[in-house]
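Visitor: I am new to this structure and would be grateful for a close look at a single part of it. Please take one strand and describe its surroundings.

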Amino acid sequence: MVKQWQSLTGKIILLLTLCGFMSACGFQLRGAQEVSADKQQVTIIKGNASGELLKHLRQNMKFNGIKEVSGAPYQIQLSNHRYKRRAATISSSADVDEYELSVEVVMLVADQQGTPVTSDIKIQRERIYTYDKNAAAASSEQEELLRRELYNSVAQSILRRYLAKNSAQ
């Protein structure tokens with residue numbers, strides 16, 4: 001019984017020590033970002049951005065307490081959106097082994113009058129996945145999941161760039 005308490009006490013001490021080290025180094029989980037009052041409202045000029053990218057961007061904005069309104073102090077202008085799927089590797093029997101998915105968009109932060117506050121910022125993400133022709137349904141589901149992750153990653157990056165570029169002003 002005493003050995004069990006000693007073992008448990010040792011584990012608790014180790015856990016507390018690790019937590020102490022992690023907090024001392026500044027480690028934080030990603031989550032809601034601090035948003036200043038002038039950035040809590042934004043206008044989105046969608047250009048040719050897809051509905052899926054806009055959906056993820058709006059979800060991230062809502063999570064961070066940012067509202068989309070017309071006539072906001074700042075605008076996020078999106079352009080040159082592209083989603084591509086291409087064969088990354090091909091087997092010796094001319095079957096596709098891997099596909100590469102990529103999402104690319106150019107963003108620009110402007111003031112209320114449309115005057116650019118930043119230069120064009122290109123955001124691009126890629127993922128490669130293995131395609132199994134014998135399990136096409138599973139591969140299709142994997143592609144769908146990766147596509148959603150790509151769009152969410154791009155949306156998070158747009159929001160981080162928006163908040164970072166404005167705070168430098």
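**Strand 4 and its neighbours**

Guide: In this predicted model, strand 4 covers residues 96–111 and is joined by ten bridges to strand 5, the two running antiparallel. One facing pair across this boundary is Tyr99 with Tyr129 of strand 5. Another is formed by Leu101, which stands opposite Arg127 in strand 5.

Leu101 also has a partner in strand 3, for it is the bridge partner of Arg85. Strand 3 and strand 4 are joined by 14 bridges and likewise run antiparallel. These two strands form a hairpin, with five residues between them. In that turn, Ala94 has a positive phi of about 65°.

The wider setting is an open sheet of five strands with mixed pairing, in the order 2-1-3-4-5. Strand 2 (67–68) and strand 5 (121–130) are the edge strands, each of which pairs on one side only. Helix 2, made up of residues 51–63, packs on the sheet and touches strand 4 as well as strand 1 (41–45), strand 2 and strand 3 (74–90). The direction of helix 2 makes about 175° with that of strand 1.

As to burial, residues count as buried when their relative accessible area is under 20%. Twelve of the 16 residues of strand 4 are buried, so the strand is largely enclosed by the rest of the structure.

Key
Residues numbered from 1 in each chain as written. Predicted model: local features only at pLDDT ≥ 70, side-chain atom pairs only at ≥ 80, totals over all residues. Heavy atoms only, no water. Pairing = 2+ DSSP bridges. Helix = DSSP H or I, 4+ residues; strand = E, 2+ residues; numbered from the N terminus. Contact = heavy atoms within 4.5 Å. Axes fitted to C-alpha atoms, helices over the stretch in contact; angles between N-to-C directions. Buried < 20%, exposed > 50% of the residue type's maximum accessible area, 1.4 Å probe, protein only.
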